[in-house]
Amino acid sequence: MMMCNSYFFKNFTDKPLISNIAGVEGDTLLHMKDSTYIAVMHKGRFFRLCCYNKGRLLNSAELQRQIQGILDDPSQPDEGESHLAALTASNRTQWAQARAQFFSKGLNHASLDIIDKAAFVVILDEVAYDIDPETDGLSQFGASMLHGSGSNRWFDKSFQLIIGQNGRIGLNGEHSWADAPIVGHFWEFVICKDVLGNAYDGEGNCYGNINDIPPKSRKLRWEIPNQCQTMIESCLKEAQILISDLQLYILRHDAYGKGFMKKCKLSPDAYIQMAMQLAYFRDAGKFCLTYEASMTRLFKEGRTETVRPCTMDAVEFARAMDDASIPVSKNLKDLRN
């Protein structure tokens, strides 16, 4: 399982870590210098999984053992625990009020504090994800990575790893602390490291020796009163309404890629933007304002700026593509310009 790679844990348990703490007047980003553990969700339960033993980072085989222990744990969710994460998926003010009323002291505060200060959250899903391009599996996989059921994702963390029963893995990143390319870049790095590292044996188990048996993962405990449970179920219904309003279809296009565009001496980004303008015009019969992110990360405190691809030249090009009287050579010249 890819997320057992200890290199990943090393690089993301000793960096500044972030949780988005809901507040009535506004959310607060909680920064921690480091963390030695992660939070794991499985079958409606929460666990604290140590990534270190006696000051030493666990190797991949030891991490696999820890995760297998959670998968084999026969315990049941505490009352109200199975849908607890729905609080992070709904109205932020309501979640802030619930934190203050039901999670500010005692056992609930201690358990929530563990999640808040974990390096990140790992979701062990009960679904085997299919991404066969001949089926709608890729779209279903994408939707699950976006929102899940409304109660099996912890949206307050900076990011969460989501693993299906068949080992297929995805990631959900919280947007307030960074833009999407940040998450995309480190995820690309992790995948490359995993593929090139030859980290698994023929049966898919992680390489490594288990010298010292690491401490067993600890299930978090909760005492959730009926009033809070009612609020949780209300939040879940609100989240499911939002989920039902989302339509997602992922089309896998493999006829050609950026290599072909570059051979045509065209910028892949510009090519795609013009294709989107043309496709929308043909579908809707009109044009609309279009947003494209432009990264400004090289500048101090830079994140993204806005580029507006729907220019007068783009409109003229799209109209010309549907005008039979205009030669292809003219359209190609306009595209390159």
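Strand S7 (residues 121–124) and strand S8 (residues 159–163) run parallel and are joined by 4 bridges. Leu124 stands opposite Ile163 of S8. The model in which this pairing appears is a predicted one.

Both strands belong to an open sheet of 6 strands. The strand order is S9-S8-S7-S3-S4-S10, and the pairing is mixed. In general, the strands of a sheet pair through backbone hydrogen bonds, in either a parallel or an antiparallel manner. Strand S9 (169–173) and strand S10 (218–219) form the edges here. Each has a single partner strand, so one side of each lacks a neighbour in the sheet.

Helices pack on this sheet. Helix H2 (residues 60–72) lies across strand S3 (37–42), strand S4 (45–50) and S7. The direction of H2 is at about 160° to S4. Helix H6 (residues 180–196) touches S8 and S9. The angle between the directions of H6 and S9 is about 155°.

Strands S8 and S9 also meet helix H5 (residues 137–146), whose buried residues pack against them. Of the 10 residues of H5, 8 are buried, so the helix is largely enclosed by the rest of the structure. The buried residues are Gly137, Leu138, Ser139, Phe141, Gly142, Ala143, Ser144 and Met145. After H5 comes Gly148, which has a positive phi, near 60°.

A further contact joins two helices. Helix H9 (residues 268–284) packs with helix H10 (residues 312–321) at an angle of about 60°, and the two axes are 9 Å apart. H9 is therefore oblique to H10. The crossing of H9 past H10 is right-handed. On the H9 side, the contact is made by Met274, Gln277, Leu278, Phe281 and Arg282. H10 contributes Ala314, Phe317, Ala318, Arg319 and Met321. By class, this contact has 7 nonpolar, 1 polar and 2 charged residues.

The chain as a whole has 337 residues, of which 43% count as buried. Its secondary structure comes to 11 helices and 12 strands. The C-alpha trace spans about 75 × 50 × 45 Å along its principal axes. Contacts between residues at least 6 apart in sequence were also examined. Among these contacts, 67% join residues at least 24 apart.

Note on methods:
Residues numbered from 1 in each chain as written. Predicted model: local features only at pLDDT ≥ 70, side-chain atom pairs only at ≥ 80, totals over all residues. Heavy atoms only, no water. Axes fitted to C-alpha atoms, helices over the stretch in contact; angles between N-to-C directions. Parallel < 35°, antiparallel > 145°, perpendicular 65-115°, else oblique. Left-handed = near helix turned anticlockwise from the far one by under 90°. Contact = heavy atoms within 4.5 Å. Nonpolar A, V, L, I, M, F, W, Y, C, P; charged D, E, K, R; others polar. Pairing = 2+ DSSP bridges. Buried < 20%, exposed > 50% of the residue type's maximum accessible area, 1.4 Å probe, protein only.
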